[in-house]
Amino acid sequence: MNSTSTVETSSVPVNPTIACSEDCLLRPGNTNCGGCGMSVGLNMLDRILEETGQQCMLAIPACCGIVTAGGFPTSSYGVPVIATTFASAPAVASGMAGVCEINNESEQIICWAGDGGTYDIGLGTLSAAAERNENILYICYDNEIYGNTGGQRSSATPLGARTTTTPEGKTERKKDILSILAAHRIPYAATLSIGHPEDFARKLRTALSLRGLRFLLMHSPCPTGWKSEPAESAQLVRLAVAAGLFPLYEIWDGCTYRVNVEPAWIDPREYYRQQKRFRIDDIDVEAVQRECKENFQRLKILAQQFPHRS
Amino acid sequence: MSKKLVTGNHAAGYALSTAGEANRNARGAVCGIYPITPQTEIVEYVAKFPFTKGRVIPVESEHSAMGVSIGASISGARAFTASSSNGLAYMVENIMVAGYYRLPIVMVAVNRTLGPPWNIWADQSDTLMLRDFPWIQLYCETNQEVLDTTLLAFRLAEDRRILLPALVCLDAFIVSHTQMGTDLPEQELVDRFLPVLDLPHRLRCDKPATMGGLVWPQEAMSQRLEIDEAMERVPGVLEECRTAFAEVFGREVTGAVETFGVEDAETVLIASSTIATTAREVIRNRRAVGEKIGLLKIKMYRPFPEAEIRAACRTAKKIAVLDRNYAAGIGGIFWWDVRAALQDCSPSPLVQGYLTGLCGGDVTPSVIDQVIGDITSRHRATKPIWMAIEAGKEKSR
Ligand SMILES: Cc1ncc(C[n+]2csc(CCOP(=O)(O)OP(=O)(O)O)c2C)c(N)n1
Ligand code: SF4
Ligand SMILES: [Mg+2]
């Protein structure tokens with residue numbers, strides 16, 4: 001940069017990725033907190049892209065995922081990234097996918113977005129891109145909070161969780177975003193947990209093998225917001241699956257279902273207790289458990305009635 | 001050259017579409033579109049156009065229309081859209097991003113009153129609300145000027161020395177829905193005029209980079225300075241584009257300003273868009289009987305053509321600025337900027353602002369006559385004068 005520039009051509013505002021020996025999607029030196037689910041998710045994405053021989057470009061709205069790129073003059077991302085406005089990742093990605101399509105290019109256009117950008121401010125944009133069935137892989141890393149702005153509620157925040165804007169614990173349940181997306185009859189919608197890496201990898205492979213709008217919801221531990229132990233992140237989200245709080249399942253074309261992991265139905269308190277965002281006394285645990293079981297029962301019936309046959 | 005009778009919206013749609021088509025041998029054209037009166041016919045035209053290599057994405061909002069165009073542009077395609085009034089207000093966040101990302105997107109904006117009140121008629125306050133963003137702004141008077149300026153805007157915006165988006169503005173209904181004889185150039189001529197787009201910072205897998213990551217204060221400020229330098233290069237590059245335009249199309253397209261009779265004028269009227277059309281006729285008649293009066297039409301509002309305005313007002317003792325737009329607590333927006341541009345001229349002319357035709361009112365020759373009557377007998381400038389307001393005031397009481 002030159003403050004008394006006399007250039008004849010305009011220079012352009014990009015943070016170039018400086019070549020480094022670690023030729024990976026998310027590089028060392030990124031600003032993710034220790035134990036952040038995003039780091040695992042992005043590394044997993046990198047691995048499966050490489051395995052399937054695909055390249056990608058990311059559209060990332062305002063969220064921790066763009067902060068982690070770090071500061072000028074370099075970026076922690078080893079792939080092309082465009083930061084979008086908070087609500088706009090699916091719109092910007094639609095433009096990118098459109099250009100790929102007319103140029104017969106096969107890069108995966110991927111939205112990497114938080115729950116705020118997905119469940120809240122960007123929902124209309126995402127719904128429109130889903131209705132148009134744009135050729136986009138949309139991955140929501142769901143840390144159930146606005147992490148980047150210091151931990152406010154989102155509509156993904158679960159019942160009972162304390163955030164800076166629900167100081168007494170959230171009184172509403174978590175929004176069922178997967179049903180909303182499935183209702184658009186998109187080719188593929190699935191939930192992912194870093195506590196179940198093989199299931200995670202398989203779903204990424206499936207999503208990368210399909211065209212159209214594919215939606216993946218990843219339960220993303222956030223030690224900073226959840227006030228949990230960074231080293232325990234993967235174990236923690238495994239407990240959420242075991243308690244039936246975050247069921248793992250897939251939906252094809254909004255029609256056919258597969259349930260991937262049968263919960264062990266552990267006491268949700270085992271999950272709550274490891275995070276200071278929950279106070280067990282605030283929560284009607286039995287009611288939560290009942291609702292989780294009913295939800296899971298409904299999913300199983302759907303999977304029996306409308307099984308996915310691959 | 002064969003002229004056809006088409007509306008201003010048709011002319012704009014034609015220019016956007018043929019410009020997009022002209023990029024078919026490069027990365028094509030992709031855009032997001034969304035309707036709003038009175039620009040809807042523009043995006044409908046674009047949606048029907050048989051692009052060889054293009055995709056028009058009918059999105060769910062203006063915010064996304066610009067979002068799609070941002071994604072398309074950063075991927076190297078020629079991108080454009082159109083909007084108006086509340087649509088522009090809804091789009092603002094992404095309008096700003098397009099500018100700061102230095103994406104040469106062209107947007108046609110039909111100037112319409114911002115609501116409330118609900119009013120669909122001509123008023124420039126919508127695009128002028130965008131005045132502090134890094135967008136070139138051009139205001140047109142006729143359908144031909146809309147068409148020509150839109151084509152010109154692509155070449156200007158995409159020039160490596162500029163790389164800034166451009167807004168082409170026209171008055172609601174008075175231009176958007178009025179048919180005028182317009183030359184619609186063959187695709188082949190548009191191809192000759194518009195080089196294919198080669199965006200230097202397009203996202204590509206072989207050279208990864210992050211657009212819009214964190215930038216520290218000094219470097220970020222330096223990026224702002226680079227925008228300022230590009231803005232400063234606009235008038236020079238605009239002149240080059242006009243020369244190329246005349247070579248290809250065999251006609252002139254207006255530059256940053258257009259003057260009529262200012263050479264010896266003691267009184268100069270300053271106007272833009274269709275108010276300039278009416279004022280020109282009034283002034284033509286008055287000059288025919290020897291009045292020393294001239295017209296300065298401001299075509300390019302951003303970057304603000306300060307030098308051209310000072311040159312055009314060299315002999316003026318009195319200047320009347322007519323604004324069909326309003327900044328609350330200020331008055332007319334052109335007036336405010338003209339005053340700043342002329343403040344240290346010596347001897348300094350009297351600059352008076354007139355608010356006229358806001359929210360779509362007719363600015364008739366008699367309104368122009370009233371302005372001329374006021375300015376010629378005026379010895380001191382006062383706060384902006386609201387013209388022909390009495391009838392409306394009476395009724396709304
Ligand atoms: C239009 C707009 N409003 C508000 C913000 C401020 N903001 C930035 S990130 C963010 C929360 C992001 O939450 P989420 O999408 O869940 O991602 P996370 O930070 O948790 O990774 C907010 C509110 C913004 N950037 N843009
Ligand atoms: S705040 Fe949470 S989501 Fe954000 S980087 Fe830290 S751990 Fe990850
Ligand atoms: Mg979040």
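Which residue forms a salt bridge with Arg27(B)? The partner is Glu105(A), and the closest N and O atoms of the pair are 2.8 Å apart. Arg27(B) lies in the loop between α1 (8–21) and β2 (29–33) of chain B, and Glu105(A) in the loop between α3 (89–102) and β4 (108–114) of chain A, so the pair joins two chains. A salt bridge here is a side-chain nitrogen of Lys or Arg within 4 Å of a carboxyl oxygen of Asp or Glu. Helices (H or I, at least four residues) and strands (E, at least two) are DSSP runs, numbered from the N terminus.

Some ground rules come before the rest. This is a predicted model, in which local features need pLDDT of at least 70, side-chain atom pairs count only at pLDDT 80 or more, and totals for chains, interfaces and linings use all residues. Residues are numbered from 1 along each chain as its sequence is written, chains are lettered from A and ligands numbered from 1 in the order in which they are written, and side-chain values use heavy atoms, with hydrogens and water left out.

Back to the first pair. Arg27(B) is buried, with a relative accessible area of 12%. Glu105(A) is partly exposed, at 27%. Buried means under 20% relative accessible area, exposed over 50%, and partly exposed in between (1.4 Å probe, protein chains only).

A second salt bridge joins the side chains of Glu134(A) and Arg55(B), at 2.9 Å from N to O. This pair also crosses between chains. Glu134(A) sits in the loop between α5 (123–131) and β5 of chain A, and Arg55(B) in strand β3 (residues 54–58) of chain B. Both residues, Glu134(A) and Arg55(B), are buried.

Another salt bridge stays within chain B. Asp264(B) pairs with Arg287(B), with the closest N and O atoms 3.1 Å apart. The pair links distant parts of the chain, 23 residues apart. Asp264(B) is in the loop between β10 (257–260) and β11 (267–271), while Arg287(B) is in helix α9 (residues 273–288). Asp264(B) is partly exposed at 34% relative accessibility, and Arg287(B) is partly exposed at 25%. Elsewhere, salt bridges that share partners join Glu141(B), Glu145(B), Glu258(B), Arg280(B), Lys297(B) and Lys299(B) into one network. Over all chains, the structure holds 44 salt bridges.

Now the ligands. Which protein atoms are the donors of the magnesium ion (ligand 3)? They are Asp115(A) (OD), Asn143(A) (OD1) and Ile145(A) (O), lying 2.0 to 2.1 Å from the ion. Asp115(A) lies in helix α4 (residues 115–120) of chain A and Ile145(A) in the loop between β5 (137–142) and α6 (177–182) of chain A, so the pair ties together parts that are 30 residues apart in sequence. Along the chain, the donors follow the spacing D-x27-N-x1-I. Asp115(A) and Ile145(A) are both buried. Donors are N, O and S atoms within 2.8 Å of the metal (3.2 Å for Na, K and Ca); water is not among the atoms, so sites may look incomplete.

Asn143(A) also belongs to the surroundings of ligand 2. The other residues there are Asn32(A), Cys33(A), Cys36(A), Cys64(A), Cys222(A), Pro223(A) and Thr224(A). A residue counts as near if one of its heavy atoms lies within 4 Å. This shell divides into 5 nonpolar, 3 polar and no charged residues. Ala, Val, Leu, Ile, Met, Phe, Trp, Tyr, Cys and Pro count as nonpolar, Asp, Glu, Lys and Arg as charged, and the others, Gly among them, as polar.

The backbone deserves a look too. Most residues other than glycine have a negative phi, and most peptide bonds are trans. The bond from Phe72(A) to Pro73(A) is cis, with omega near 10°. Pro73(A) lies in the loop between α2 (64–67) and β3 (81–83) of chain A. Ser346(B) and Pro347(B) are also joined by a cis peptide bond, with omega about 0°. Pro347(B) is in the loop between α11 and β15 (350–355) of chain B.

Phi has its exceptions as well. Ser85(B) is not a glycine, but its phi is positive, at about 45°. Ser85(B) is found in helix α4 (residues 85–100) of chain B and is buried, at 0% relative accessibility. Arg102(B) has a positive phi near 60°. Arg102(B) is in the loop between α4 and β5 (106–111) of chain B and is buried, at 2%.
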